[in-house]
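Welcome, and please take a moment to look over the model shown here. We will walk through it together, one charged side chain at a time.

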Amino acid sequence: MSKAQDPFYIVKEEIQDSIDKLQSSFHQWERVPGGTGEQVHLTKELLANCESIAWKVDELDKAISVAARDPSWYGINEVELENRRRWTSNARLQVADVKRTVGAGKENDNSASAIRRELMRLPNSQQPDISDHYSAKSNDDFVASESDRQMLLLKQQDEELDELSTSVKRIGGVGLTIHEELLAQEKILDELGTEMDSTKNRLDFVQKKMAMVMKKAGAKGQIMIIIFLLVLFIILFILVFFT
């Protein structure tokens, strides 16, 4: 089976595209200042993408485990299996590195947000009036920003679900294709077995006929038949090699 038809390489290409997009978003996340609405949105997007890619890699690993039970049936060898395991392991490490880095950044942002919330709980008598004014404005801006982020997050989640649904359908289609190929091969094997049985029956019939002819001919008749066949063989040999 060529790489263009191998289900592994179809899913691998799709996962690699997702990892490339994940790395691009991660580099963008690194350049965005901390504590901003854009960084919060990118953090949620990156974590959701990491979960989605990790699930796809796990499903691909399961398919490799199935193929490892009988590699010859799927037309692959141990070297190819090891290469596939190495690729999925490397993909899982890339996703884990991004998830760990982004998760650590999210925890730092949460700590800073907690400090700001504690400061906002201070009594009004301990804050100047101008501070109240800016605090109220900051709260309004925060609510508006948080609302926008929630809308963007919902939109991103919808897109991720659509992508996940498409991937599941594609993997399901690949599974159905493999199932149909197995059924076709099973049918071919059954037909080959039937033909072999038919040929065996014909040979048995010919052998019985020959035995009956030899038995009826007797010893003298058998000698004559052997001499006739020998002469016939010599004539055919001369015709084939000397003419």
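What follows is a short tour of charged residues, their partners and their surroundings.

This is a predicted model, in which local features need pLDDT of at least 70, side-chain atom pairs count only at pLDDT 80 or more, and totals for chains, interfaces and linings use all residues. Residues are numbered from 1 along each chain as its sequence is written, and side-chain values use heavy atoms, with hydrogens and water left out.

Let us begin with pairs of charges. Side chains of opposite charge can pair when their charged atoms come close. A salt bridge here is a side-chain nitrogen of Lys or Arg within 4 Å of a carboxyl oxygen of Asp or Glu. The structure holds eleven of these salt bridges.

One of them brings together the side chains of K99 and E51, at 2.5 Å from N to O. This pair links distant parts of the chain, since K99 sits in helix α3 and E51 in helix α2 (residues 37–69), 48 residues apart. Helices (H or I, at least four residues) are DSSP runs, numbered from the N terminus. How accessible are these two partners? K99 counts as partly exposed because its relative accessibility is 36%, and E51 counts as partly exposed at 44%. The cut-offs are these: buried means under 20% relative accessible area, exposed over 50%, and partly exposed in between (1.4 Å probe, protein chains only). K99 also has C50 for company: their C-alpha atoms are separated by 6.3 Å, although the two residues are 49 apart along the chain.

Another salt bridge joins R92 and D61, whose closest N and O atoms are 2.6 Å apart. Here too distant parts of the chain are linked, with R92 in helix α3, D61 in helix α2, and their positions 31 residues apart. R92 is partly exposed, as its relative accessible area is 32%.

Now stay within helix α3 (residues 78–120). The side chains of D97 and R100 meet in a salt bridge of 2.5 Å, N to O. Both residues lie in helix α3, three residues apart, about one turn of the helix. D97 is partly exposed at 38% relative accessibility, whereas R100, at 54%, counts as exposed. Elsewhere, salt bridges that share partners join E14, K56, E163 and R170 into one network.

Is E80, also found in helix α3, buried or exposed? E80 counts as buried because its relative accessibility is 17%. Its side chain is joined to that of R84 by a polar contact of 2.9 Å. Such a contact is a pair of N or O atoms within 3.5 Å; within protein, one must be able to donate a hydrogen and the other to accept it, and residues adjacent in sequence count only if both atoms are side-chain atoms.

Finally, look at the surface, where E186, D190, E191 and E195 form a negative patch. Patches are made of residues with over 30% relative accessible area and no salt bridge, with like charges joined within 9 Å. E195 lies in helix α4 (residues 129–241), and E195 is exposed because its relative accessible area is 51%.

How values were computed: Patch = residues over 30% accessible without salt bridge, like charges linked within 9 Å, V, L, I, M, F, W, Y side chains within 5 Å. Areas by Shrake-Rupley, 256 points an atom, 1.4 Å probe, with all protein chains shown as cover. Lys, Arg positive; Asp, Glu negative; His and termini not counted. Charge placed at Lys NZ, Arg CZ, Asp CG, Glu CD. Helix = DSSP H or I, 4+ residues; strand = E, 2+ residues; numbered from the N terminus.
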